Amino acid sequence: MIRLENVSKYYKSLCVLKDISVNIEKGNIVAVIGPSGCGKSTFLKCINGLVPVTGGKIFIDEVEITSKETDLNKVRSEVGIVFQQFNLFPHLTVRENINLAPVKVKKMSKNKAEIQAMYLLEKVGLLDKINKYPQELSGGQAQRVAIARSLAMQPKVMLFDEPTSALDPQMTLEVLDTIKNLSEEGMTMVVVTHEMGFAREIADKIIFFSRGRIIEEGPPCQIFDNPVNIITEEFIKSVLKDRKDTVHIQKEVR
Ligand code: ADP
Ligand code: MG
């Protein structure tokens with residue numbers, strides 16, 4: 001479904017991604033972990049064509065999106081991305097935020113977009129907020145609306161870049177639950193997260209980044225219980241130590 005072949009990315013002389021090759025199967029959930037500044041966000045942005053790669057190739061459904069002929073707007077509508085900051089339009093209601101792109105970009109009829117918005121809001125548990133403005137929502141609710149807005153483009157793949165980093169533990173749980181529900185529906189997803197308990201629970205595969213390289217990848221049981229690389233082990237230990245609370249709460253709730 002998603003394939004990267006020897007992808008590299010430079011910002012001027014700074015090498016941010018080094019020779020990344022990875023395969024993500026349809027319906028799989030991949031969690032990307034690693035220290036700050038190691039290239040996780042850049043990795044996601046390359047996958048939906050937000051930043052051009054310097055070298056290598058990226059394929060989505062066997063279409064090379066790094067080819068000059070590829071229509072990047074089409075790629076971006078097929079690959080949804082949700083950031084840490086929800087980026088909802090403050091002057092638009094929840095309904096308008098969700099319907100804007102489907103109507104403007106996908107030329108969906110207003111009627112169809114409206115039905116879809118209601119369906120998606122129901123799915124993220126926020127149908128009652130349809131006429132609210134973003135500032136009337138909690139951070140967790142705003143993030144769930146951002147997820148619904150992304151889904152409104154009917155993407156093949158969803159990318160999440162630390163979707164809960166700006167949220168308190170309770171809101172984090174709401175958002176993680178929403179993402180978990182999506183994963184159960186078979187959506188292909190790549191999630192950058194520091195929520196190790198969550199990554200372990202939902203991911204088919206964990207990718208560990210360090211300094212622009214994938215230094216270890218494998219099923220959660222390998223990465224968490226028997227990491228091959230000492231750097232992976234040290235990283236996981238340090239995150240679990242720092243973020244004991246959220247992980248602990250998560251365990252209690254589930
Ligand atoms: P992460 O998401 O893992 O924290 P990023 O992908 O955001 O890492 O960043 C990786 C490196 O690339 C960092 O050193 C960052 O400063 C640098 N970087 C990211 N975006 C840009 C940019 N637009 N221009 C220059 N350097 C950038
Ligand atoms: Mg980042």
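In this predicted model, helix H1 is followed by Gly49, a residue whose phi is positive, near 75 degrees. The helix leading up to this glycine is mostly covered, with 6 of its 8 residues buried. Those buried residues are Lys40, Thr42, Phe43, Leu44, Cys46 and Ile47. As a helpful reminder when reading such a list, an α-helix has 3.6 residues a turn, so residues three or four places apart point the same way.

Helix H1 also takes part in the surroundings of ligand 1. The shell around this ligand is made up of Tyr11, Leu14, Val16, Pro35, Ser36, Gly37, Cys38, Gly39, Lys40, Ser41 and Thr42. Sorted by class, the shell holds 5 nonpolar, 5 polar and 1 charged residues. Several polar approaches to the ligand can be picked out. A polar backbone atom of Gly37 lies 2.6 Å from an oxygen atom of ligand 1, and a backbone N or O atom of Cys38 is found 3.2 Å from an oxygen atom of the ligand. From the side chain of Lys40, an N or O atom is placed 2.8 Å from a ligand oxygen atom. Lys40 thus appears both among the buried residues of H1 and in the shell around ligand 1. Taken alone, the ligand exposes 560 Å², and the protein buries 58% of that area. Two elements, strand S2 (14–24) and helix H1 (40–47), each give two or more residues to the shell; the largest share, 3 residues, comes from H1.

Strand S2 leads on to the sheet. Four strands form an open sheet in the order S2-S1-S4-S5, with antiparallel pairing. S2 and strand S5 (63–64) stand at the edges, and because each has a single partner strand, one side of each is left without a neighbour in the sheet. In general, strands of a sheet pair through backbone hydrogen bonds, either parallel or antiparallel. Here, strand S1 (residues 2–11) and S2 run antiparallel and are joined by 7 bridges. One pair to look for is Ile2, whose bridge partner in S2 is Ile24.

Attention turns finally to Asp128, which is located in the loop between helix H4 (110–123) and helix H5 (139–151). With a relative accessible area of 57%, Asp128 counts as exposed, because the cut-off for that class is over 50%. Its C-alpha atom is separated by 9.5 Å from that of Met118, a residue 10 positions away along the chain. Met118 falls within the range given for helix H4 (110–123).

Terms used. Residues numbered from 1 in each chain as written. Chains lettered and ligands numbered in written order. Predicted model: local features only at pLDDT ≥ 70, side-chain atom pairs only at ≥ 80, totals over all residues. Heavy atoms only, no water. Buried < 20%, exposed > 50% of the residue type's maximum accessible area, 1.4 Å probe, protein only. Near = heavy atom within 4 Å. Polar contact = N/O pair within 3.5 Å; in protein donor to acceptor, adjacent residues only side chain to side chain. Areas by Shrake-Rupley, 256 points an atom, 1.4 Å probe, with all protein chains shown as cover. Nonpolar A, V, L, I, M, F, W, Y, C, P; charged D, E, K, R; others polar. Pairing = 2+ DSSP bridges.
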